[in-house]
There are 2 protein chains.
Amino acid sequence: MTGQVRTVDGRVAGRRGQATRQKLLDCLSEMLSSSPYRDVKVIDVARKAGTSPATFYQYFPDVEGAVLELAEDVAKEGSGMTELVAGRSWVGKSGWQTSEQLVEGFLDFWRRNDAILRVIDLGAAEGDKRFNKIRMKILNSVTGSLTESVKELQAKGKVDKDVSPAAVAGSLVVMLAGVASHQKGFTAWGVKQAELKPNLAQLVHLGITGKKPAK
Amino acid sequence: MTGQVRTVDGRVAGRRGQATRQKLLDCLSEMLSSSPYRDVKVIDVARKAGTSPATFYQYFPDVEGAVLELAEDVAKEGSGMTELVAGRSWVGKSGWQTSEQLVEGFLDFWRRNDAILRVIDLGAAEGDKRFNKIRMKILNSVTGSLTESVKELQAKGKVDKDVSPAAVAGSLVVMLAGVASHQKGFTAWGVKQAELKPNLAQLVHLGITGKKPAK
DNA sequence: TCGGTAAGCTGACGGCATGACAGGACAAGT
DNA sequence: ACTTGTCCTGTCATGCCGTCAGCTTACCGA
């Protein structure tokens with residue numbers, strides 16, 4: 001799958017090359033955390049990495065290209081979130097636990113990678129197919145599993161037939177993502193960090209099962 | 001409230017001035033719809049408006065300054081969304097109707113202004129206080145009303161005491177906003193436009209009242 | 001040990017956006 | 001026609017972009 005890393009002009013990157021490449025990515029990631037995406041300049045990233053702009057262009061076509069690389073990494077990590085839902089129960093107390101752990105895990109993931117996720121979100125919203133694909137990959141890990149959960153509950157007659165599993169799952173995941181990226185908004189809003197998670201978990205449980213959780 | 005419009009160097013703008021200023025804003029708005037925020041350049045906006053970059057700088061400190069102006073306009077329009085919730089019933093069939101109309105109105109508003117809302121969202125997520133304030137103003141119109149609704153239901157004993165009205169209201173609104181800005185994602189996801197709205201309405205109703213709606 | 005070869009890096013350059021300024025164009029009133 | 005204040009633009013220094021030729025470094029086989 002992952003062929004060897006190549007420079008823009010087609011050479012294969014060796015040890016040293018991969019190191020500087022990675023350093024550039026790390027610095028870019030830092031910059032994204034500390035300054036608005038719009039203001040991130042190639043020259044700044046290069047300077048921070050102790051190299052020259054020309055070197056940057058040897059490994060990436062432009063800033064966006066490098067960001068896509070970072071995004072792929074995040075996507076890879078995000079795929080692991082399937083485990084937060086897959087094969088878990090949605091009935092009784094364990095159902096409530098599933099819900100809580102999903103919220104916890106998801107928010108945690110988002111907070112860990114918020115800078116890049118912001119950019120992915122923007123790119124996707126602006127209609128960029130590459131960013132959209134990456135965003136899908138990340139959210140799919142959770143949405144896919146959740147959709148399955150709803151379908152199973154429907155099959156057992158525990159959820160109304162007229163709900164669309166994918167629509168509900170997608171909406172809930174988008175909610176989690178939105179809350180995660182605007183947590184500051186909530187605090188400025190009078191909502192304490194501590195009460196946010198349980199309320200989210202409650203909403204998720206309600207949405208998936210249609211019933212209040214048994215705590 | 002709205003003092004007279006002023007240029008960057010302090011002069012008051014006359015008729016002609018306000019016209020070109022508005023034209024610049026319109027062109028900027030168009031550009032935001034058609035190309036990524038990061039790539040919107042002053043020179044392009046000016047060209048599109050049939051004027052020079054220098055003129056742009058007479059009315060706005062930079063692109064961001066102009067965007068903030070657009071954002072304020074959107075915020076003003078968004079304030080009207082209070083009516084989608086304020087004073088409406090959440091019981092019985094009218095409760096379901098309230099929920100449906102809220103979803104409908106909110107999605108509509110978001111779609112009408114998606115380009116600027118994207119930028120506001122990004123700015124807010126990046127921690128810019130001005131954008132955060134504007135975002136709050138927009139969302140508050142709905143969240144505030146929803147919070148009141150939940151509080152009332154709580155007072156009547158129809159909703160559990162341990163839910164945080166603000167947390168629930170905020171989360172639901174964020175969900176609506178998220179879904180609105182990534183609708184393409186949902187279709188690519190196998191969810192049809194038509195089934196999205198009722199499912200969202202169901203989630204909103206569930207979240208607010210804790211019960212399935214009576215359709 | 002010694003080239004040979006490919007990887008790795010950078011100085012330098014034309015091109016373009018930025019943002020500031022001074023001065024010209026224009027409209028309105030006298 | 002003259003004045004006044006608004007409005008616009010040509011021009012310029014500055015700084016980033018993206019590319020290329022050419023230099024340095026590392027590896028390898030003879």
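This section describes the relation between two protein chains, the surface near a DNA strand and the aromatic ring pairs in a predicted model.

Superposition places chain B on chain A with an RMSD of 0.0 Å, through a turn of 180 degrees and a shift of 0.0 Å along the axis. The two copies are thus related as by a two-fold rotation axis. Within chain B, Met175(B) has the C-alpha nearest this axis, at 2.0 Å. Both copies use the same surface, since 100% of the contact residues of chain B recur in chain A.

DNA strand D is surrounded by 20 residues. The closest of these are Tyr57(A) from chain A and Gly14(B), Thr20(B), Thr51(B) and Tyr59(B) from chain B. By class, the residues of this surface comprise eight nonpolar, seven polar and five charged. On the side of the nucleic acid, sugar or phosphate accounts for 67% of the atoms of DNA strand D within 4 Å of the protein, and bases account for the rest.

Polar contacts to phosphate oxygens of DNA strand D involve both side chains and backbone in chain B. A polar side-chain atom of Tyr59(B) is 2.9 Å from a phosphate oxygen, and an N or O atom in the side chain of Thr20(B) is 3.2 Å from a phosphate oxygen. For Ser52(B), a polar backbone atom lies 3.3 Å from a phosphate oxygen of the strand. Two or more residues of the surface near DNA strand D come from each of helix H2 (42-48) and helix H3 (53-59) of chain A, and from each of helix H1 (15-34) and helix H3 (53-59) of chain B.

Aromatic pairs number ten over all chains. In one of them, the ring centres of Phe56(A) and Tyr57(A) are 5.8 Å apart and the planes stand at 80 degrees; an angle over 60 degrees makes the pair edge-to-face. Phe56(A) counts as buried because its relative accessibility of 1% falls under the 20% limit. Tyr57(A), by contrast, has a relative accessible area of 43% and is therefore partly exposed. Tyr57(A) is also among the residues closest to DNA strand D. Ring pairs join Phe56(A), Tyr57(A) and Phe60(A) into a cluster.

A further pair is formed by Phe186(A) and Trp189(A), with centres 6.2 Å apart. Their planes are at 25 degrees, which is under 30 degrees, so the pair is stacked. Phe186(A) and Trp189(A) are both buried.

Key:
Residues are numbered from 1 along each chain as its sequence is written. Chains are lettered from A and ligands numbered from 1 in the order in which they are written. This is a predicted model: local features need pLDDT of at least 70, side-chain atom pairs count only at pLDDT 80 or more; totals for chains, interfaces and linings use all residues. Side-chain values use heavy atoms; hydrogens and water are left out. Copies are superposed by least squares on the C-alpha atoms of residues with pLDDT of at least 70 in both. Contact means heavy atoms within 4.5 Å. A residue is near a molecule or strand if one of its heavy atoms lies within 4 Å of it. A polar contact is a pair of N or O atoms within 3.5 Å; within protein, one must be able to donate a hydrogen and the other to accept it, and residues adjacent in sequence count only if both atoms are side-chain atoms. Helices (H or I, at least four residues) and strands (E, at least two) are DSSP runs, numbered from the N terminus. Ala, Val, Leu, Ile, Met, Phe, Trp, Tyr, Cys and Pro count as nonpolar, Asp, Glu, Lys and Arg as charged, and the others, Gly among them, as polar. Rings of Phe, Tyr and Trp (its six-membered ring) pair if their centres lie within 6.5 Å; planes under 30 degrees apart count as stacked, over 60 as edge-to-face and the rest as tilted. Buried means under 20% relative accessible area, exposed over 50%, partly exposed in between (1.4 Å probe, protein chains only).
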